[in-house]
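User: I would like to learn how to read a structure such as this one, feature by feature. Could we start with a charged contact and work outward from there?

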Amino acid sequence: MGLKDRFTQGPAPQESLSESIARRTREIEAEDAQEAAVAAGYRRSWGVTYKVETLRSKLLGDKMDGAEVERLLNARAAEGWHLRSVIETEVQGRVGPGGTMSLMFIFEREVPAA
């Protein structure tokens, strides 16, 4: 219901226009307060949890396997996780100058607050 609609209801019988506006303003404020309380209760009743997973390429200098990434994303989505971020890193090997690429996936999902 829009603000204009809230004020277009006519005055009650034997009620002046100013009394009608004051009454309706109080009703609107009460409705808004109730809606805010419901929204605040929802925010307090849910929390967020995170999950971090890392995928590494199999060989030095090798590219990431797209099918493996897709399997991970679909598996976590089926569990209710939402992808929040992906971070690319290079892990240096113990021998030689090359490194191995890895992707760190950060997932998030809502859980009931404790």
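Analyst: Let us begin with a charged pair: Glu79 forms a salt bridge with Arg76, and their closest N and O atoms are 3.2 Å apart. Please keep in mind throughout that this is a predicted model.

User: How should I judge the surroundings of that pair; is Arg76 buried or exposed?

Analyst: The general idea is to compare relative accessible area with two cut-offs, since buried means under 20% and exposed over 50%, with partly exposed in between. In this case Arg76 has a relative accessible area of 14% and is therefore buried, whereas Glu79, at 40% relative accessibility, counts as partly exposed.

User: How many salt bridges does the structure hold, and which residues are joined into one network by bridges that share partners?

Analyst: The structure holds six salt bridges. Salt bridges with shared partners join Arg23, Arg24, Glu27 and Glu31 into one network. Within it, Glu27 forms a salt bridge with Arg23, the closest N and O atoms being 3.0 Å apart.

User: Why are Glu27 and Arg23 separated by about one helical turn?

Analyst: The thing to check is the spacing along the helix: Glu27 and Arg23 are separated by about one helical turn because they are four residues apart in helix 2, which covers residues 17-45. As for accessibility, Glu27 counts as partly exposed because its value is 30%, and Arg23 likewise counts as partly exposed, at 23% relative accessibility.

User: With which residue does Glu53 form a salt bridge, and which parts of the chain does that pair tie together?

Analyst: Glu53 forms a salt bridge with Arg76, and here the closest N and O atoms are 2.4 Å apart. Because Glu53 lies in strand 1 (residues 46-56) and Arg76 in helix 3, the pair ties together parts that are 23 residues apart in sequence. The two side chains also make a polar contact, at 2.4 Å.

User: Is Glu53 buried or exposed, and which residues does Glu53 touch?

Analyst: Glu53 is buried, with a relative accessible area of 19%, a value to be read against the cut-off of under 20%. Not counting residues up to four places away in sequence, Glu53 touches Leu72, Arg76, Leu103, Met104 and Phe105.

User: Some of those are nonpolar residues; which residues make up the largest nonpolar core?

Analyst: To read a core, list its members and then ask which elements supply them. The largest nonpolar core here has eight residues, namely Leu55, Met64, Val69, Leu72, Trp81, Leu103, Phe105 and Phe107. Helix 3 (66-78) and strand 3 (99-112) each supply at least two residues of this core, and the largest share, three residues, comes from strand 3. One member, Val69, touches Leu55, Met64, Leu103 and Phe105, when residues up to four places away in sequence are not counted.

User: How many aromatic pairs does the structure hold, and why is the pair of Phe105 and Phe107 described as it is?

Analyst: Ring pairs are read from the distance between centres and the angle between planes, and planes under 30 degrees apart count as stacked. The structure holds one aromatic pair. The ring centres of Phe105 and Phe107 are 6.3 Å apart and their planes lie at 20°, so the pair is stacked. Both Phe105 and Phe107 are buried.

User: Where does Ile87 lie, and which residues is Ile87 in contact with?

Analyst: Ile87 lies in strand 2, which covers residues 82-92, and its relative accessible area of 35% means that it is partly exposed. Leaving aside neighbours within four places in sequence, Ile87 is in contact with Ser102, Leu103, Met104 and Ile106. A useful habit is to set separation in sequence beside distance in space: Ile87 and Leu103 are 16 residues apart in sequence and 5.6 Å apart from C-alpha to C-alpha.

User: Which pattern does the chain follow along the sequence, and what do the overall totals say?

Analyst: The chain comprises three helices and three strands, and along the sequence it follows the pattern α-α-β-α-β-β. Among contacts between residues at least 6 apart in sequence, 60% join residues at least 24 apart. Buried residues make up 19% of the 114 residues, and the accessible surface of the chain comes to about 8600 Å², of which 56% belongs to carbon and sulfur atoms.

Methods. Residues numbered from 1 in each chain as written. Predicted model: local features only at pLDDT ≥ 70, side-chain atom pairs only at ≥ 80, totals over all residues. Heavy atoms only, no water. Core = buried A, V, L, I, M, F, W, Y, C linked by side-chain atoms within 4.5 Å. Buried < 20%, exposed > 50% of the residue type's maximum accessible area, 1.4 Å probe, protein only. Contact = heavy atoms within 4.5 Å. Salt bridge = Lys/Arg side-chain N within 4 Å of Asp/Glu carboxyl O. Phe/Tyr/Trp six-rings, centres within 6.5 Å; stacked < 30°, edge-to-face > 60°. Polar contact = N/O pair within 3.5 Å; in protein donor to acceptor, adjacent residues only side chain to side chain. Areas by Shrake-Rupley, 256 points an atom, 1.4 Å probe, with all protein chains shown as cover.
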